[in-house]
Amino acid sequence: MEHKLNTLKTDLHNVFVEGNANSLQMARVFIMIALPVITVFIVGARHIIY
């Protein structure tokens, strides 16, 4: 578990701070950010529609 957290920390650092991430690191960060945001929008849309 500690290795996975260190990997995510390194990915975030490479994508947002250094800007020299490879495509796998960018994909991990995108999924980590996009899934919660999409979930919030879907739940919010359900409350507006119903």
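Arginine 28 and aspartate 11 pair up in a salt bridge, with their closest N and O atoms 3.0 Å apart. The pair ties together distant parts of the chain: arginine 28 sits in helix 2, aspartate 11 sits in helix 1, and their positions lie 17 residues apart in the numbering. Keep in mind that this is a predicted model. Here's a quick tour of what else it shows.

**The salt bridge up close**

- There is one salt bridge in the structure, and its two partners are arginine 28 and aspartate 11.
- Aspartate 11 counts as buried because its relative accessibility is 2%, and the cut-off for buried is under 20%.
- Arginine 28 comes out as partly exposed, at 34% relative accessibility.

**Overall build**

- If you're looking for secondary structure, you'll find two helices and zero strands.
- The chain is more spread out than a compact globule, because its radius of gyration is 15 Å, well over the 10 Å that the globule rule gives for 50 residues.
- Picture a box of roughly 45 × 25 × 15 Å along the principal axes: that's what the C-alpha atoms fill.

**Surface and burial**

- Just 12% of the 50 residues in the chain count as buried.
- The accessible surface adds up to about 4400 Å², and carbon and sulfur atoms account for 70% of that.

**The nonpolar patch**

- On the surface there's a nonpolar patch of about 990 Å², built from Met1, Leu5, Leu8, Leu12, Phe16, Val17, Met32, Ile33, Val37 and Phe41.
- Both helix 1 (2–18) and helix 2 (23–49) chip in, each with at least two residues of the patch.
- Helix 1 is the top contributor here, giving five residues.
- Valine 37, one of the patch residues, belongs to helix 2.
- With a relative accessible area of 38%, valine 37 is partly exposed, so it falls between the 20% and 50% cut-offs.

**A closer look at asparagine 14**

- Asparagine 14 is part of helix 1.
- This residue is buried, because its relative accessible area is 13% and buried means under 20%.
- Skipping neighbours within four places in sequence, asparagine 14 is in contact with Gly19, Asn20, Ala21 and Gln25.

Conventions: Residues are numbered from 1 along each chain as its sequence is written. This is a predicted model: local features need pLDDT of at least 70, side-chain atom pairs count only at pLDDT 80 or more; totals for chains, interfaces and linings use all residues. Side-chain values use heavy atoms; hydrogens and water are left out. Helices (H or I, at least four residues) and strands (E, at least two) are DSSP runs, numbered from the N terminus. The radius of gyration is taken over C-alpha atoms; the globule rule is 2.2 Å times the number of residues to the power 0.38. Buried means under 20% relative accessible area, exposed over 50%, partly exposed in between (1.4 Å probe, protein chains only). Accessible areas come from the Shrake-Rupley method with a 1.4 Å probe; for residues, only the protein chains shown count as cover. Patches are made of residues with over 30% relative accessible area and no salt bridge: like charges are joined within 9 Å, nonpolar side chains (Val, Leu, Ile, Met, Phe, Trp, Tyr) within 5 Å. A salt bridge is a side-chain nitrogen of Lys or Arg within 4 Å of a carboxyl oxygen of Asp or Glu. Contact means heavy atoms within 4.5 Å.
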